[in-house]
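Got a minute to walk through a model with a ligand in it? Have a look first, then we'll talk.

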Amino acid sequence: MVQRAQRVRASSADPAARAVRQRNKPFGNITRGTTNPNRLRRVDRWLAGPQAWRLRTEDSPLVVDLGYGGSPATAVELYSRINAVCPSAHVTGIEIEPERVRIAKPLEHGGLDFRVGGFEIPAPGLATMVRAFNVLRQYDEADVRLIWDTVCARLSPHGIFVDGTCDEIGRRSTWVALDRTGPLSLTISLRFGAFELPSDVAERLPKALIHHNVPGEKIHDFLQALDKHWQAGAPLASFGNRQRWMNMCQKMHDDGWPVVRAPSRWRLGELTVAWSAVDPSAAVA
Ligand SMILES: C[S@@+](CC[C@H](N)C(=O)[O-])C[C@H]1O[C@@H](n2cnc3c(N)ncnc32)[C@H](O)[C@@H]1O
């Protein structure tokens with residue numbers, strides 16, 4: 001079992017080598033199975049909220065919980081949250097560690113199943129949603145693009161892949177959303193009262209960004225801008241942190257940051273920004 005970031009097994013950009021690997025074994029490594037009930041509520045609320053339209057583009061959409069961990073609790077929760085907005089959806093929990101699949105099997109029913117696999121996603125058909133939380137953080141940054149490409153190749157035309165990270169009980173959460181064309185956005189979602197500065201979320205950034213929160217990088221500029229507006233909004237704290245957060249989001253928008261202008265989401269402690277604004281592979285303008 002892996003306890004620290006490591007390269008994916010037989011990592012290779014060569015399609016032939018990849019095909020052989022994908023035919024033979026799950027793509028990826030067994031890592032720690034740490035999980036907690038309800039820790040993924042913030043991303044689930046986003047998938048079942050502003051992203052739910054994607055489910056309606058398919059008759060029987062497939063939703064994948066990739067790397068559900070030592071207990072299938074978050075996969076069961078994903079099923080109930082998705083089922084509430086799309087009863088025809090099927091949820092498949094995929095785990096690379098066979099014993100974790102054996103433990104989950106008794107919970108299977110018509111809308112939920114569990115299977116052994118990796119980033120190749122060994123489920124029939126294309127996926128409308130793939131949620132991989134606290135999975136890529138245990139891999140090497142150099143492998144992130146290959147992993148993203150592998151998962152995105154399994155998405156339906158309107159499918160979305162969320163690669164995210166959160167703390168133990170899900171109060172601080174971030175995720176990158178991708179479709180078949182590549183990364184679309186970064187979302188941060190924080191519980192009011194669980195942070196002093198918005199940049200406290202830096203330690204929970206996805207693997208693609210976490211090593212880039214240093215001066216001169218876009219993600220650093222973004223978090224610094226959030227902090228600046230959060231601190232300037234201190235007088236609003238008497239009206240509650242929600243008001244202060246919404247003011248910060250509006251100021252980011254006013255400054256020209258490509259944030260999604262969605263006050264109903266801001267109210268939840270959430271903010272989504274276009275990937276181009278934080279992309280570490282693109283130089284700061
Ligand atoms: C830290 S747990 C996260 C559990 C859950 N997603 C959560 O956030 O609470 C990571 C899990 O991902 C699994 N995993 C790692 N790489 C994987 C892969 N390529 N495919 C499927 N599962 C994988 C590990 O075996 C482990 O059980």
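What follows is a short chat about this predicted model.

Reader: Which residues come nearest to the ligand?

Author: The ligand has 25 residues around it. Of these, the ones that come nearest are Thr35, Arg39, Glu95, Arg100 and Tyr139.

Reader: How far is an oxygen atom of the ligand from an N or O atom in the side chain of Arg100?
Author: Polar contacts here are N or O pairs within 3.5 Å. Asn134 offers a side-chain N or O atom 2.8 Å from a ligand oxygen, and a backbone N or O atom of Phe27 sits 3.0 Å from a ligand nitrogen. For the side chain of Arg100 and a ligand oxygen, the distance is 2.7 Å.

Reader: How much of the ligand's accessible area does the protein cover?
Author: On its own, the ligand has 600 Å² of accessible area. The space it takes is the largest pocket, and its shell holds nine nonpolar, 12 polar and four charged residues. The share covered by the protein is 99%.

Reader: Why is helix 5 largely enclosed by the rest of the structure?
Author: Helix 5 spans residues 144-152. Its buried residues are Val144, Leu146, Ile147, Trp148, Thr150, Val151 and Cys152. The helix is largely enclosed because the buried count, out of nine residues, is seven.

Reader: Is Asp113 buried or exposed?
Author: Asp113 belongs to strand 3, residues 112-116, and its side chain makes a polar contact with that of Arg115 at 2.9 Å. The cut-off for buried is under 20% relative accessible area. Asp113 has 13%, so the word for it is buried.

Technical notes. Residues are numbered from 1 along each chain as its sequence is written. This is a predicted model: local features need pLDDT of at least 70, side-chain atom pairs count only at pLDDT 80 or more; totals for chains, interfaces and linings use all residues. Side-chain values use heavy atoms; hydrogens and water are left out. A residue is near a molecule or strand if one of its heavy atoms lies within 4 Å of it. A polar contact is a pair of N or O atoms within 3.5 Å; within protein, one must be able to donate a hydrogen and the other to accept it, and residues adjacent in sequence count only if both atoms are side-chain atoms. Accessible areas come from the Shrake-Rupley method with a 1.4 Å probe; for residues, only the protein chains shown count as cover. On a 1 Å grid over the protein atoms alone, a cavity is a set of points where a 1.4 Å probe fits but cannot get out, and a pocket is an open set with protein on both sides within 12 Å along at least five of seven lines; lining residues have an atom within 4 Å of a point. A molecule sits in a cavity or pocket if more than half of its atoms lie within 2 Å of its grid points. Ala, Val, Leu, Ile, Met, Phe, Trp, Tyr, Cys and Pro count as nonpolar, Asp, Glu, Lys and Arg as charged, and the others, Gly among them, as polar. Buried means under 20% relative accessible area, exposed over 50%, partly exposed in between (1.4 Å probe, protein chains only). Helices (H or I, at least four residues) and strands (E, at least two) are DSSP runs, numbered from the N terminus.
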